[in-house]
Amino acid sequence: MGQQSSPDVSLVLVVLQVTADILEALGYRVLKARTGLEAVHQLERNSEISVLFTDVRVPDIAGEGLAGIATTWRPDIRVVLTSGFGRPHGDSEFLPKPYRATDLIFPPQPLQTSRS
C-alpha cells in the first residue's frame, strides 16, 4: 500500500490501536488514546486534531459521548464512529466492522451529515 494521505486531514485522534497502526501506514499523523477519557485529554491539548475515529464501545466515555464532547468543543471536527454491533444513533459518520485498510482513506472533505 502506498503512502496516501489527504492534505486536508492533518491529524487523526484514534481510540483503536490496530486502526492507528493502519492509518500510520497510510501516511496519516496519528494520536492514540486507549480510553474515552484519554481522548478527551488529547482533544484539550491538541487543536490540530481534525478527525476523531473511535469505536462506539470504549472505556470511560462511550464513543457517542466522546463524539458529542468533540463536536461541542470543535464544531468543525470530523467524527467517524465504528462498531461491529450495529449503527449507533446520531448523525456521526459510521464505518461498520470489519473494515479494510482502504476504507480508512478519508476523503479530503468531510461527508455532509444532517444535524438536527
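Helices and strands are taken here as DSSP runs, numbered from the N terminus, and a loop such as the one holding D60, between β3 and α3, is named by the elements on either side. The notes below concern a predicted model.

1. Overall make-up. The protein chain comes to 3 helices and 5 strands, which follow one another along the sequence in the pattern β-α-β-α-β-α-β-β. Of its 116 residues, 47% are buried. Among the contacts with a separation of 6 or more, 53% are accounted for by residues 24 or more positions apart.

2. Packing of α2 against α3. Two packed helices are described by the angle between their axes and the distance between the axes. In this model the axes of helix α2 (residues 36-45) and helix α3 (residues 63-73) come within 10 Å and cross at roughly 10°; angles under 35 degrees count as roughly parallel, and α2 is therefore roughly parallel to α3. On the α2 side the contact is made by G36, A39, V40, L43 and E44, and on the α3 side by L66, I69, A70 and W73. By type, the residues of this contact divide into 7 nonpolar, 1 polar and 1 charged.

3. V40 within that contact. V40, found in helix α2, is buried, with a relative accessible area of 9%. Leaving aside neighbours within four places in sequence, V40 is in contact with I61, L66, I69 and W73; of these, L66, I69 and W73 are also listed for α3 in the contact between the two helices. V40 and I69 are 29 residues apart in sequence, yet their C-alpha atoms are 7.8 Å apart in space.

4. V79 in strand β4. V79 is found in strand β4 (residues 78-83) and, at 6% relative accessibility, counts as buried. When residues up to four places away in sequence are not counted, V79 touches L52, A67, T71, S92 and E93. Among these partners, L52 falls in strand β3 (residues 51-55), while A67 and T71 fall in helix α3 (residues 63-73). From V79 to G63 the C-alpha to C-alpha distance is 9.7 Å, with the two residues 16 apart in sequence.

5. The aromatic pair. The structure holds 1 aromatic pair, formed by F53 and Y99, which is edge-to-face, at 5.9 Å centre to centre and with 90° between the planes. Because F53 lies in strand β3 (residues 51-55) and Y99 in the segment after β5 (93-96), the pair ties together parts that are 46 residues apart in sequence. Both F53 and Y99 are buried.

6. A charge over a ring. A reviewer may also wish to look at R57 and F85, where the charged end of R57 sits over the ring of F85, 3.9 Å from the centre of that ring.

7. Backbone points to inspect. The peptide bond from K97 to P98 is cis, with omega near -5°, and P98 lies in the segment after β5, as does Y99 of the aromatic pair. D60, although not a glycine, has a positive phi of about 80°. This residue is placed in the loop between β3 and α3 and is exposed, with a relative accessible area of 56%, whereas V79 and V40 are buried.

How values were computed. Residues are numbered from 1 along each chain as its sequence is written. This is a predicted model: local features need pLDDT of at least 70, side-chain atom pairs count only at pLDDT 80 or more; totals for chains, interfaces and linings use all residues. Side-chain values use heavy atoms; hydrogens and water are left out. Rings of Phe, Tyr and Trp (its six-membered ring) pair if their centres lie within 6.5 Å; planes under 30 degrees apart count as stacked, over 60 as edge-to-face and the rest as tilted. Helices (H or I, at least four residues) and strands (E, at least two) are DSSP runs, numbered from the N terminus. Buried means under 20% relative accessible area, exposed over 50%, partly exposed in between (1.4 Å probe, protein chains only). A charge sits over a ring if NZ of Lys or CZ of Arg is within 6 Å of the ring centre and within 35 degrees of the ring normal. Axes are lines fitted to C-alpha atoms, for helices over the stretch in contact, and angles run from 0 to 180 degrees between N-to-C directions. Angles under 35 degrees count as roughly parallel, over 145 as roughly antiparallel, 65 to 115 as roughly perpendicular and the rest as oblique. Contact means heavy atoms within 4.5 Å. Ala, Val, Leu, Ile, Met, Phe, Trp, Tyr, Cys and Pro count as nonpolar, Asp, Glu, Lys and Arg as charged, and the others, Gly among them, as polar.
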